[in-house]
Amino acid sequence: MKRNISSEKSRVDDTVSALLESLPDAVYLIDLKGVILNTNTLFASHIGMTTQKCIGANIYDLLINVVQLPELADYHREKCQEVLRTGKRVVFADERDVRKVTISPVVIAEGEITRLLITIQNISEQKHIDKELHQERALKTALLDSIPCSAIIFDANLRIIVRNKYAQDLLSIATDSARISVKANDFFGSEDMGFLRKKYMETITSGIDYSREIKVYPQGDTEPMWLLTKTSRIFIEGKPCGVSIGVDITERKKMELDLIESKQRYTYALNAASSGIWEWDVTTDTLSWSEQVWKLYGIKVNSVPLNNQLCIDTIHPEDREMASRIIRDAVSNGIAASLEYRTIHPDGSVHWLTSRGMPMHDADGRVIRYIGAIIDITERKQIETELLENKTRLTFALDATKTGVWEWDVSADNVKWTDNVWELYGLEKNSLPHTHRLCESNIHPDDRDLLFEKVMAAASKEIEINIEYRVCHKDGSIHWLMCRGLPKYNADGQLKSYIGTVSDITPRKELMNQLLDSKTRLSLALDAARAGVWEWNLKTGANVWSDETWVLYGMEKSDKIPSFELWTQTIHPDDREQVIKTVSVATENEEELYVEYRLSNYPGSQRWALSRGKPLYDRHGNLERYIGTIIDITERKIAEENSRMNRERLDFILEKSHVGVWDLKMQDDTTATSLEHARIFGYDTIPPFWSLEKFFDHIIPEDRAGIETLIRSAIKNKESYAFECRIHTAKGELRWVNVTGAFKFDDASKTSHVLGIVQDITDKKKVESELNESEAKFRTIFEYSPIAIGIGDISAGVLHDVNQAWLDLFGFAKEEVIGRNIRDLDLFVQLDDQNNILSKLEERRKILNSKFHLRKKSGETATILFSSEFILLNQKPALLVMMTDISVQELQQYSIERLEQTVADRTQQLNLEVKRLKGFLHMISHEYRTPLAIIRGNIDLIQLKNKHADFVKPVEITKIQRAIDRLVEVMDESMHESRFLESRKVPLKPVQLVPVITSQVESFLALWPDQEIE
């Protein structure tokens, strides 16, 4: 049978509307003239109208007059004409590329297009997610490149697939190779590769972190570089990889011997901090304590044997089991041991200690010993205990009275609240700025202006604040609060702040309001619900009807007296006998009344009423009367009838909605599906047979068992269900789908159905996976970085997060710093350093490796290299701070400078000695040449005079001549060397003159034995 739907008069029933409401996108159905036949709330909200107002309106008029986009109306009309002309679906997007519009023809059995179904899909979220993903990647890349340590990620083949700029510069990787994976063999020594491969593979396989000092060989360098690394396992695209953080410790390795000199200073520091050092050799189960540890336990040094029993005896009996458990867990897992416990001194006094030990591993990664420190925290524990007890008592008192405490700093306009005040205002903790406007954020609009005037008037007059007002919670509930506060003055008598309380007085106010307007509200409620109230006294037969009851019965109150007989006259004649019988049975059985019937006093139209009554008994337990309500249910009855008449049209729209829809009949396990359902599962046409088993076959094996159990349990319990899973399409593609199903029983056919929809969410899942993976990488590097890193709010100076290296550097626990102002931590030793840093940060100036002196929690002063960078965190400006402790390096640098000064002084002394030696050589040369020349001249004269005569002692003369020649040769060589050295500026070559001079003197004495040479 062909059904025609009138554009102006016909309306799809509530079931069709419910189907359209279940769709995730804006949808509306129009006829060939553009008149809207039905739509969902999502579309109506886009144009600022209700669903009922949209139905019957022309879509082109709405686009022109309401949305005020005439060009869009023309374009929409053109596309609709194209669908009517071609009979094919049309898909297009708007110019901003944020919405995708699909126009589909609705064809009846004869092939005639009678309606058009338009779907508007919002794709801005996908665009926004892509943008956020791009920004997230850029932020994390900048963060990785800004930290002063290397960060790399390698796969199971030890290929470096990701590295930050620090690692790229450190390993001298060319910029053009940034996207090329690098093998570890290119940097690690061949002698270390076998061992490193084994350890890194163990980390990737087991997930146990691995820390080690390793040697790397940057490209082009022959000398190794040392890195302190920590390696952890991560998963990338489901494959295990390793992430390694490395800090350059080459200089430290060269200076390890110099660190021994700092031992004495370290001992002084331990004494000042009331702390000690201990060491436990796990393999031999032997202990060693520094002198300070003995003192912390109140025991004389080495007065008793140092063994495990002593450790047990020193711990408070109530803490021994806890301490033993923590130590056992730490050793078994090879992790740091950290605990706080009490100890009893010989004098009976109880002291609190905190102990933290770090494991040390052998070459095979086994824990061989623990080294740690013990600190006396008795004073801190006493303060914590007192604060906790006071806070507990105060919190109990405030909770018991539903009261909170607040303080308003008038000059700074800063508000402080106890946590329960946030609950009283219906706000999330720290969700708004702490100013006086915070109190007004969710105050009832009718009370807001008056409240502000009263508060400011009291503050200007410096008098007590005492006001009552309403607040609106997020769940829509209204609460009454009473706020009282007194002014507080500073030492100069100036108003400093207001301190007071805020209490919930809602029950009191509600009781008062209920007493004042309960009758009015009841009357309005009955009128709004088109209902009335009646009372029937069975003993006296008296009836009482509310004014609304007379109206529903179609009667005027006038002078008529309500009665059972008058009521029966209001019942339609066809229903009267059955209704009276139903009432009689209920009264006989003393049961509740429940009867639906038609009214007789509405000629020309049919009105339905529902009457319900509850039995009331006297003090003897006998049924005395009924009190109940009469409700007009005409609209519900019409809707039920329309639901039955339009079931066929509902099935038709489901088929053409372009969302995968299915209908499973429980009697024969057969399933009817739509064409879009078939396309999602990879079929070009609707399969001839579809069932639950066929659906399960498409689910990937690892998801199938859980999904099958879920669906069968929901069907068994007749419950709705929803889930996401992965499927293999008929074409072999892997897709994510979202499935929603609901159990339904058809009263007309007495059959059970499971109806539902399926939607492809593959693209959404890919984006979520990339975001989660990126977050995991960032968090791993942040947590395991050996550099102290903190992230905070720029304007308020509050810390959002710090890593473990930051906590280890300053000695704080995480809960002591998160959410606190950096000024409150008292880290700066010098006020000038604090002002210097804060002024630069206020000017948004970047700080790079500036040296400052900061104070740890223990009071110890450390020299810190301070760097800061401004970043965006969740689209809000934030400050990234990185700090490195260089106290040891600074001490070493001082020692090196002293050594260099000593070498310079010694070099200057040597230069003076060389200068004096040069002068001596010049003097010897000149002084020695003069007598040699005289001797040589006289020898020549003697030979000349005795040329033709027998020469006396010819042998001695010959020796003298040879000695003179040799001496002259030595003198010339010495002068030459002196000049050469002076020109080259090289160290002088020593010449032994004493043997030469001695030999010459002996020759002279032999020649002239009667002469003396001085």
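**Exercise 1. Count the salt bridges in the whole structure, then examine one.**

A search of the whole structure gives 41 salt bridges. The term needs a side-chain nitrogen of Lys or Arg within 4 Å of a carboxyl oxygen of Asp or Glu. This is a predicted model: local features need pLDDT of at least 70, side-chain atom pairs count only at pLDDT 80 or more, and totals for chains, interfaces and linings use all residues. Residues are numbered from 1 along each chain as its sequence is written, and side-chain values use heavy atoms, with hydrogens and water left out.

Now take one pair. Asp-155 and Arg-159 join through their side chains, N to O, at 3.1 Å. Accessibility comes next: buried is under 20% relative accessible area, exposed over 50%, partly exposed in between (1.4 Å probe, protein chains only). Asp-155 has 12%, so this residue is buried. Arg-159 has 28% and is therefore partly exposed.

**Exercise 2. Place the salt bridge of Glu-428 with Lys-474 in the chain.**

Step one is the distance. The closest N and O atoms of Glu-428 and Lys-474 are 3.6 Å apart. Step two is location. Glu-428 sits in the loop between helix H16 (419-425) and helix H17 (445-461), and Lys-474 in the loop between strand S19 (465-472) and strand S20 (478-489). The two are 46 residues apart, so the pair links distant parts of the chain. Helices (H or I, at least four residues) and strands (E, at least two) are DSSP runs, numbered from the N terminus. Step three is exposure. Glu-428 is exposed at 52%. Lys-474 is exposed too, at 66%.

**Exercise 3. Give the strand order of the sheet that holds S19 and S20, and find its edges.**

The order is S18-S17-S21-S20-S19, 5 strands in an open, antiparallel sheet. Pairing requires at least two DSSP bridges between two strands. Strand S18 (414-417) and S19 are the edges: each has a single partner strand, so one side of each lacks a neighbour in the sheet. S19 and S20 run antiparallel, joined by 8 bridges. Within this pairing, Arg-470 has Trp-480 of S20 as its bridge partner.

**Exercise 4. Identify the residues linked with Arg-704 in a network of salt bridges.**

The network links Glu-693, Asp-697, Arg-704, Glu-708 and Arg-712. For contrast, take a pair from elsewhere. Glu-596 bridges to Arg-636 with closest N and O atoms 2.6 Å apart. Glu-596 lies in strand S24 (residues 593-598), Arg-636 in helix H22 (residues 634-645), 40 residues apart. Glu-596 is partly exposed at 25%. Arg-636 is partly exposed at 34%.
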